[in-house]
Amino acid sequence: MRCKKFKEKIILDLYGELSEEEKTALESHLQECAECARDLEYTKKVFQALEYTKKADIPEANWERAWEGISSTVEERPKRQMSLLLFPKWAYAAAAIVFVFALGIIVGSLWFPTLQKGPLPQKASLVSMDQSLKEHFESLKPVLAEYANYSPAEERNGTITVDKEILEGLLIQNYLLKRAIASQKNPALQELLEDVDLILREVTNLRKGDKPTLSLIKDTINQRDILFKMEIFQKI
Amino acid sequence: MIEAIRIVEMKEEALIKQAQDGDKGALKMLFEENKKKIFYLAYQYVHNAEDAEDILQETFIKAFHSLPKYDFQNGTSFSPWLYRIGINCSIDYLRRNKRARETRGIDDFPNIPSNSQDSDPEYSSRLKEIREKIDVFLKKLTEKQRMIFVLKHYQELSIKEIAEYMNCSEGSVKKQLFRAVGSIKKQFKDFFTENSYEMQEI
């Protein structure tokens with residue numbers, strides 16, 4: 001019974017799950033018990049064999065096909081939202097009256113601007129959008145400059161290391177800003193964010209030592225004047 | 001680093017809110033960020049790329065349909081939430097397809113990483129034999145034991161993490177793990193006896 005417990009401890013020990021105290025107890029038992037010492041050696045041998053399955057590379061899935069399968073089921077969601085029509089008609093009529101009433105209040109308040117104090121909320125949101133874009137470009141600049149200045153002649157094993165979490169953060173921030181400015185009529189800014197999106201995706205998927213892609217990223221940043229455009233935008 | 005993680009969490013929250021509104025671009029980004037983690041887990045569990053791809057799809061479909069119910073306030077971030085769905089989908093998949101899978105083998109064996117012994121056909125054939133044997137050994141475990149073994153051995157999670165993902169006690173995880181490793185050890189004994197392999201040489 002005592003040995004059964006120690007045999008379990010052997011497994012936990014090989015997985016690094018024992019406390020120092022438990023480890024010491026196991027070690028002193030192994031010095032006294034030949035059967036458990038043999039079990040340790042055998043378990044190590046089994047773990048060693050299992051290591052060979054870890055060594056096998058995991059194949060890549062067909063990501064495009066997998067996404068298509070997922071995305072086709074997600075499209076059905078808006079149809080379910082149509083169930084709102086199941087509300088009685090009078091509910092829609094009441095909602096329409098409330099809406100017209102609220103619209104009257106908004107139009108009235110705009111019609112008499114003397115009653116308006118402080119900046120309009122919409123303006124405030126545009127100001128904060130500009131600020132977010134400037135901060136986003138500020139975070140992007142050092143990362144993109146690193147790639148823009150990449151030289152294949154420099155022996156850095158063909159690799160630039162940027163923290164994955166930072167890259168993902170930038171990618172998501174860029175995506176959200178791109179969506180947020182979609183309603184603004186600013187094609188130059190839209191295009192700049194599209195380009196940045198493309199570059200960040202390339203950088204995120206970049207494999208270690210992939211010099212051709214590094215050069216491609218560098219050329220895209222330089223040929224499309226990404227850093228210059230960001231600088232100009234920050235100064236406007 | 002902590003600051004970077006905080007920023008990522010904030011962005012993730014915004015992304016999920018977009019996805020909850022049915023924004024396909026946001027859903028695609030969530031897929032892109034998490035696809036490998038789920039696929040690797042599924043592959044290590046079923047040892048077959050086609051089945052792992054099915055599990056990947058089922059996991060995301062289930063997650064995206066449950067997304068309106070996903071709550072930021074309960075402290076679970078998106079990836080662990082999705083991972084838990086991935087674990088459950090893998091177990092369910094194996095239960096549903098157990099009979100069909102018994103007749104199906106593991107993938108062909110082109111996936112051994114470069115090694116100086118690569119060109120040695122004897123080495124490759126031994127490795128293949130061991131891998132196939134391990135697949136047979138794993139098939140003899142229950143679905144739950146097998147998942148706990150995969151989470152511990154291949155995904156290298158702690159007992160505590162596994163207990164949280166599997167929604168059971170740490171004691172129960174240890175019990176299942178001992179049974180799984182015990183069963184594999186027992187089956188390896190016969191294999192080692194039949195084949196006087198010196199593992200160090202492989």
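The expected span of a helix is 1.5 Å times one less than its number of residues. The exercises below apply this and a few similar ideas to a predicted model with chains A and B.

**Exercise 1. Compare the reach of α8(A) with its expected span, and list its buried residues.**

Solution. Begin with the length: α8(A) has 17 residues, and the span expected at 1.5 Å a residue is 24 Å. Next, take the distance from the first C-alpha of α8(A) to its last, which is 24 Å and thus close to the expected value. Finally, turn to burial, where the buried residues of α8(A) are A:Glu168, A:Gly169, A:Leu170, A:Leu171, A:Ile172, A:Gln173, A:Asn174 and A:Tyr175.

**Exercise 2. Describe the elements of chain A and of chain B, and say what percentage of each chain is buried.**

Solution. Start with chain A, which has 11 helices and 0 strands, so that its elements, read from the N terminus, run α-α-α-α-α-α-α-α-α-α-α. Chain B has 9 helices and 0 strands, and along its sequence the pattern is α-α-α-α-α-α-α-α-α. For burial, the figure is 16% of the 236 residues in chain A and 32% of the 202 residues in chain B. As a last step, look at contacts between residues at least 6 apart in sequence: in chain A, 65% of them join residues at least 24 apart, while in chain B residues 24 or more positions apart account for 64% of the contacts with a separation of 6 or more.

**Exercise 3. Which helices of chain A supply at least two residues each to the side that touches chain B, and how do the residues of that side divide by type?**

Solution. First count both partners: 40 residues of chain A are in contact with 47 residues of chain B. The helices of chain A that each supply at least two residues of this side are α1 (2-14), α3 (34-55), α4 (63-74), α5 (77-81) and α8 (164-180). The largest share, 11 residues, comes from α3(A). Sorted by type, the residues on the side of chain A that touches chain B are 21 nonpolar, 9 polar and 10 charged.

**Exercise 4. Where in chain A is confidence lowest, and where is it highest?**

Solution. Take the average first: chain A has a mean pLDDT of 79, and 81% of its residues score at least 70. Then go element by element, which shows that confidence is lowest in α5(A), with a mean of 44, and highest in helix α2 (residues 20-32) of chain A, at 94. Two stretches of chain A deserve a separate look. Over residues 76-86 of chain A, pLDDT stays under 50, and the model has 2 contacts beyond four places in sequence for them; over residues 115-122 of chain A, pLDDT also stays under 50, with 3 such contacts. Where pLDDT is low, the predicted coordinates should not be read in detail.

**Exercise 5. Why do the buried residues of α6(B) lie on the same side of the helix?**

Solution. Identify the helix first: α6 of chain B covers residues 121-139, which is 19 residues, and reaches 27 Å from its first C-alpha to its last. Its buried residues are B:Leu127, B:Ile130, B:Arg131, B:Ile134, B:Phe137 and B:Leu138. Because these residues cover an arc of only 120° around the axis, they are on the same side of α6(B). An α-helix has 3.6 residues a turn, so residues three or four places apart point the same way. The face of α6(B) turned away from the buried side carries the exposed residues B:Pro121, B:Glu122, B:Ser125 and B:Val136.

**Exercise 6. Which residues have the most contacts inside the largest nonpolar core?**

Solution. The largest nonpolar core has 74 residues, and those with the most contacts inside it are B:Leu30, B:Ala42, B:Ala52, B:Leu56 and B:Ile148. Helix α2 (residues 24-46) of chain B gives the most to this core, with 12 residues. To follow one residue further, set aside the neighbours of B:Ala42 within four places in sequence; B:Ala42 is then in contact with B:Ala52, B:Ile55, B:Leu56, B:Gly86 and B:Ser90.

**Exercise 7. Is B:His47 buried or exposed, and is B:Asn167 buried or exposed?**

Solution. Locate B:His47 in the loop between α2 and α3 of chain B, where its phi is near 60°, a positive value in a residue other than glycine. B:His47 counts as buried because it has 23 C-beta neighbours inside 10 Å, and the cut-off for buried is 20 or more. B:Asn167 is placed in the loop between α8 (159-166) and α9 (170-194) of chain B, and has a positive phi of about 60° although it is not a glycine. With 10 other C-beta atoms within 10 Å, B:Asn167 is exposed.

Definitions and conventions. Residues numbered from 1 in each chain as written. Chains lettered and ligands numbered in written order. Predicted model: local features only at pLDDT ≥ 70, side-chain atom pairs only at ≥ 80, totals over all residues. Contact = placed C-beta atoms within 7 Å. Helix = DSSP H or I, 4+ residues; strand = E, 2+ residues; numbered from the N terminus. Nonpolar A, V, L, I, M, F, W, Y, C, P; charged D, E, K, R; others polar. Buried ≥ 20, exposed ≤ 12 C-beta atoms within 10 Å, placed from the backbone. Arc of directions from axis to C-beta. Core = buried A, V, L, I, M, F, W, Y, C linked by C-beta atoms within 7 Å. pLDDT = per-residue confidence, 0-100.
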